[in-house]
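Me: Hi! Could you walk me through this one with me? I'll throw short questions at you as we go.
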Amino acid sequence: MTSIPRLHFAHLPTVIEEMPRLSAELGGPRLFIKRDDQTGLAFGGNKTRKLEFLVAEAQAQGAKMLISAGAMQSNHCRQTAAAAAKFGMECILVLTGQHPKKPSANLLLDFLFNADVIWVADRKDRDAVLKHTYETAVAGGAMPYLVPYGGSSATGALGYAFAVDELVQQNLKPDWVIFGTSSGGTHAGLTLGARLFKCEAKILGISIDEPVSVLKKNVSALATAASEKFGKRIVFSGEDILANEDYCKAGYGVLGEQEREAISLFAGKEGILLDPVYTGRAAAGMIDLIRRGVFQKDETVLFWHTGGQPALFAEMYQPDIL
Ligand SMILES: *Cc1c(COP(=O)(O)O)cnc(C)c1O
């Protein structure tokens, strides 16, 4: 267990704050928030914990370049570009869309970190372009390391397995842990960590863009693979994965009334900023579950903030936030 390669640059432990005014407004359970929007590394977010393990693995393999892919406003790509800069590596990002006239928010930061961006007009071509980019870099002697979508490999998931150890030491003992889930690394790490570090909370991922069936398959496979890194394989099945797909019908990155209300409630009641794509949607899910009485009044619910606020300033979302 101690032999898992890891760098230490995240600002840990992240603090846990109570949200009494939001709880009173909703007439809900006790609400807390874990501030992984403040993990350090280029405005923070959940990718910092994953990158501690991913960059360590890249270095162990002698890599000199990080290659990854995502949406134009990918938080994962922004943080990967920052990590590459910090550790003196090159970075290539394969992003969907076209070079906008005025790069904003996460994309602006990608350029500030000197990442090379390769544009893919159609998302369905992204895998092929990513593979080609990687193979070209290998052939050219660039010694690249391929960081998977969202940093969600077994290695990346370790960041959130250890995050549960951190949570247990903070001694809150929540009944529920709620967060946005997409590529599944956070979800897998938290689920594995709860098993390893004896956290009894229900680990409920609110889907950002995937059906529950896909999440259960991906997350259980990632959690199983990540467990092997601790030296003892634990087999997770779909039944071990709690996920909700009720809030993602509008599609990835579509900012609607539910996200707007969640962003405005967190801002207005607690002075906390959510993001338009992930935490806005996950919080909207939590708020709806509270209103529908899914949690008991005497339960404690922890919302795990996963970051993403730079996207508040993205040209594509800004007109819709208020
Ligand atoms: C990437 C991301 C997520 C989703 O995490 P996964 O591990 O990919 O499921 C949630 N919130 C924010 C802000 C993110 O950037």
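Me: Let's start with Cys-77: buried or exposed?
Reply: Happy to! Cys-77 counts as buried, with a relative accessibility of 0%. Keep in mind that this is a predicted model.

Me: And which cysteine sulfur is nearest to it?
Reply: That of Cys-91, 7.5 Å away, and Cys-77 is in no disulfide.

Me: Why no bond between Cys-91 and Cys-77?
Reply: Because the closest cysteine sulfur to that of Cys-91, the one in Cys-77, is 7.5 Å off, which is too far for a bond. The cut-off for a disulfide is 2.5 Å between the sulfur atoms.

Me: Is Cys-91 buried or exposed?
Reply: Cys-91 counts as buried, at 4% relative accessibility.

Me: How many disulfides in the whole structure?
Reply: Zero turn up when the whole structure is searched.

Me: New topic: which residues touch the most other members of the largest nonpolar core?
Reply: That core has 36 residues, and the ones touching the most other members are Met-19, Leu-31, Ile-178, Phe-266, Met-286, Phe-295 and Phe-303.

Me: Which helices and strands supply at least two residues each?
Reply: Helices 1 (20-26), 9 (257-270) and 10 (279-291) do, along with strands 2 (30-35), 7 (176-181), 8 (202-207) and 10 (300-305). Helix 10 gives the largest share, seven residues.

Me: What is Met-19 in contact with, beyond its neighbours within four places in sequence?
Reply: Leu-31, Phe-32, Ile-33, Phe-266, Glu-270, Ile-272 and Phe-303.

Me: Where does Phe-32 belong, then?
Reply: Phe-32 is in a second, separate core of 32 residues, which also includes Ala-163, Val-164 and Val-177.

Definitions and conventions. Residues numbered from 1 in each chain as written. Predicted model: local features only at pLDDT ≥ 70, side-chain atom pairs only at ≥ 80, totals over all residues. Heavy atoms only, no water. Core = buried A, V, L, I, M, F, W, Y, C linked by side-chain atoms within 4.5 Å. Buried < 20%, exposed > 50% of the residue type's maximum accessible area, 1.4 Å probe, protein only. Helix = DSSP H or I, 4+ residues; strand = E, 2+ residues; numbered from the N terminus. Contact = heavy atoms within 4.5 Å.
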